[in-house]
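Student: I would like to go through this structure slowly and ask how each label is earned. Could you set the values against the cut-offs as we go?

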Amino acid sequence: MKNYIVFLLISITSLAFAQENSQGKSNGTLNEQFDYVMQKSNNFQEYKVVKKDYLLQLKKSSTDSVRQYQKELVDLKKQKESHQAIVSKLNDTLKTTQANLNELQTAQNNVDLFGTTMSKTNYNYLMWGIVSVLGLVLLLLFVQLKSAKSVANEQKSHAEKLETDFEDYKHKALEKEQKLGRQLQDEINKNRL
């Protein structure tokens, strides 16, 4: 009973003292409020005697903090789900973009030729090969044309020479024929006389 009376006395004195400071630390952090309650509480044997108003204020602050943290936790979970949905959507977009990029790179690095797909390197080799073959054919045709022109010029000069020789022959043959004709006429005239 003696302990009970001492406890009561200490509680009453602490109540009177604490009433003036009960509103003093109600808006600090929980840690500051616990420190304040420990500082303002009294000792009774091995126990701490704490004013009920302090405990109620501490309980209210603690439950408010727990509610706030729970609300923040729920908000963070919603944000996480929202971010996960966005990340999932971005990953899908990235996959689609990567597929389109691969398709474009394939289209850029390849050429369709006669219904077959061919790499640009092979296409360049093929085109340069065709150009080289056509250039070689053109060169051969040029050489043959030059040779044919040379032969034609030679034949033309030979034909002109033959024509000149023929004209000379004709002229000589005509002179010879005229000469023979005169001689024949002379002989006929001589024989007639």
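Student: What makes Glu167 count as partly exposed?

Tutor: In this predicted model, Glu167 has a relative accessible area of 41%, and because buried means under 20% and exposed means over 50%, Glu167 falls in between and is called partly exposed.

Student: How do you know that Glu167 and Lys170 meet in a salt bridge?

Tutor: The N to O distance between the side chains of Glu167 and Lys170 is 4.0 Å, and since the definition asks for a Lys or Arg nitrogen within 4 Å of a carboxyl oxygen of Asp or Glu, the pair is counted as a salt bridge. Both residues lie in helix H4 (residues 120-192), 3 residues apart, which is about one turn of the helix. Lys170 is partly exposed as well, with a relative accessible area of 44%.

Student: Why are Lys60, Asp64 and Arg67 described as one network?

Tutor: They are joined by salt bridges that share partners. Lys60 pairs with Asp64, the closest N and O atoms being 3.6 Å apart, while the side chains of Asp64 and Arg67 meet at 3.3 Å, N to O. Because the cut-off is within 4 Å, both pairs qualify as salt bridges, and Asp64 takes part in each of them.

Student: Where do these residues lie along the chain?

Tutor: Lys60 and Asp64 are both in helix H3 (residues 52-109), 4 residues apart, about one turn of the helix. Asp64 and Arg67, being 3 residues apart in helix H3, are likewise separated by about one helical turn.

Student: Why is Arg67 called exposed, when Lys60 and Asp64 are called partly exposed?

Tutor: Arg67 has a relative accessible area of 53%, and because exposed means over 50%, that value earns the label. Lys60, with 49%, and Asp64, with 34%, are partly exposed, since that label covers values between under 20% and over 50%.

Student: How many salt bridges does a search of the whole structure find?

Tutor: The search finds 3 salt bridges.

Student: Which residues make the nonpolar surface patch?

Tutor: The patch, of about 510 Å², is made by Leu136, Leu139, Leu140, Phe142 and Val143, and one of these residues, Phe142, is found in helix H4.

Methods:
Residues are numbered from 1 along each chain as its sequence is written. This is a predicted model: local features need pLDDT of at least 70, side-chain atom pairs count only at pLDDT 80 or more; totals for chains, interfaces and linings use all residues. Side-chain values use heavy atoms; hydrogens and water are left out. Helices (H or I, at least four residues) and strands (E, at least two) are DSSP runs, numbered from the N terminus. Buried means under 20% relative accessible area, exposed over 50%, partly exposed in between (1.4 Å probe, protein chains only). Patches are made of residues with over 30% relative accessible area and no salt bridge: like charges are joined within 9 Å, nonpolar side chains (Val, Leu, Ile, Met, Phe, Trp, Tyr) within 5 Å. Accessible areas come from the Shrake-Rupley method with a 1.4 Å probe; for residues, only the protein chains shown count as cover.
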